[in-house]
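Here's a quick look at how the ligand is held in this one. Have the structure open while you read.

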Amino acid sequence: MNTVFVNGEVIDRVDAKIDIEDRGYQFGDGIYEVIRVYGGNTFTMKEHMERLYQSAEKMKLSIPYSEEELTGHLLELIDSNQVKDGIVYLQVTRGVSSRQHHFPSKDVKGSVVAYTKDLPVPLRQMEQGVTAKLVEDIRWLRCDIKSLNLLGNLLAKEEAASDGHFEAILHRGDTVTEGSSSNAFMVKDGVIYTHPVTNLILNGITRRVIEDLCRRNAISFQEETFLVPDLFEADEVFIASTTSEVMPVIKINQQVIGNGKPGSVTKKLQALFSERKREQSPVK
Ligand code: DCS
């Protein structure tokens, strides 16, 4: 049986029901997190939970559980579904109330849903690299909130995917911001560049792990904006997310990046990232 968490209960997936007047369903008025599970253990769970509560605060959403309670429920769910390599998806909306734009009264409780999914690490793509399409960033100005409102991201991803690309790399004017569901990085002369943490990008947890790995291993990591021409002239480009880890980008649009193969800095980071995963998993 595949179980899901719905408002405090762990139930069979087929029994899960959502009210048609849930504000997540009607407005995308909610937030979410995607947390990795490796070998049955969560990876950077604390960071994801903290970001969830930060997103909630930024949109004045009250989560009806403490962080500890919610973490406990997720661990129970992972256990119940015997997840080995996969993800847990967690979503909180502003709850159910008759459709109106302004927020419902304080006694309307947020809806909390979570489910797990088996998802292997995309090893082949990580080894060979993927291609990306450059797409204009038409999203709103609070991309720091991990909101359910993903239409700008979806349109970009679809534009890239329908041309056979793995990811859309977004640019606002001349500035490269991030991927449609990842952070974007370029390497030039041994230095890694990525957009600074502002309202224009999501402060990715994988990005933070990469920053920490760079600091500990004397790899130069610069939080500095870079431009579209810089991206095309980079030695290496990679994207990073919970599901894709450190993913080399070997071609953008029709243009080959560097020598068209995953670069040495990217490969070094992949190795360090794998090591970090092993360190975080308790030895069984
Ligand atoms: N930027 C955007 C717009 C994202 O959607 C994501 C992750 C990231 C950056 C990277 O953040 P993490 O490193 O914290 O994952 N998006 C999640 C998603 O929607 N599916 O998988 C990850």
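In this predicted model, the side chain of Thr 206 puts an N or O atom 2.6 Å from an oxygen atom of the ligand. Backbone atoms of Ile 205 and Ser 182 join in, and here's how the three line up:

| Protein side | Ligand atom | Distance |
|---|---|---|
| Thr 206, side-chain N or O | oxygen | 2.6 Å |
| Ile 205, polar backbone atom | oxygen | 2.9 Å |
| Ser 182, backbone N or O | nitrogen | 3.4 Å |

On its own the ligand would expose 470 Å², and the protein buries 90% of that. As for where it is, the ligand sits in the largest pocket. Two or more shell residues come from each of strand 3 (30-38), helix 2 (45-58), strand 9 (175-179), helix 6 (205-216) and strand 13 (236-241).

What's the make-up of the shell: how many nonpolar, polar and charged residues? The split is five nonpolar, twelve polar and four charged. Of the 21 residues around the ligand, the nearest are Arg 51, Glu 178, Ile 205, Thr 206 and Thr 242.

Finally, why does the ligand lie between domain 1 (3-118) and domain 2 (123-278)? Because both domains give residues to the shell around the ligand.

Conventions: Residues are numbered from 1 along each chain as its sequence is written. This is a predicted model: local features need pLDDT of at least 70, side-chain atom pairs count only at pLDDT 80 or more; totals for chains, interfaces and linings use all residues. Side-chain values use heavy atoms; hydrogens and water are left out. A residue is near a molecule or strand if one of its heavy atoms lies within 4 Å of it. A polar contact is a pair of N or O atoms within 3.5 Å; within protein, one must be able to donate a hydrogen and the other to accept it, and residues adjacent in sequence count only if both atoms are side-chain atoms. Accessible areas come from the Shrake-Rupley method with a 1.4 Å probe; for residues, only the protein chains shown count as cover. On a 1 Å grid over the protein atoms alone, a cavity is a set of points where a 1.4 Å probe fits but cannot get out, and a pocket is an open set with protein on both sides within 12 Å along at least five of seven lines; lining residues have an atom within 4 Å of a point. A molecule sits in a cavity or pocket if more than half of its atoms lie within 2 Å of its grid points. Helices (H or I, at least four residues) and strands (E, at least two) are DSSP runs, numbered from the N terminus. Ala, Val, Leu, Ile, Met, Phe, Trp, Tyr, Cys and Pro count as nonpolar, Asp, Glu, Lys and Arg as charged, and the others, Gly among them, as polar. Domain bounds come from an automatic or database domain assignment.
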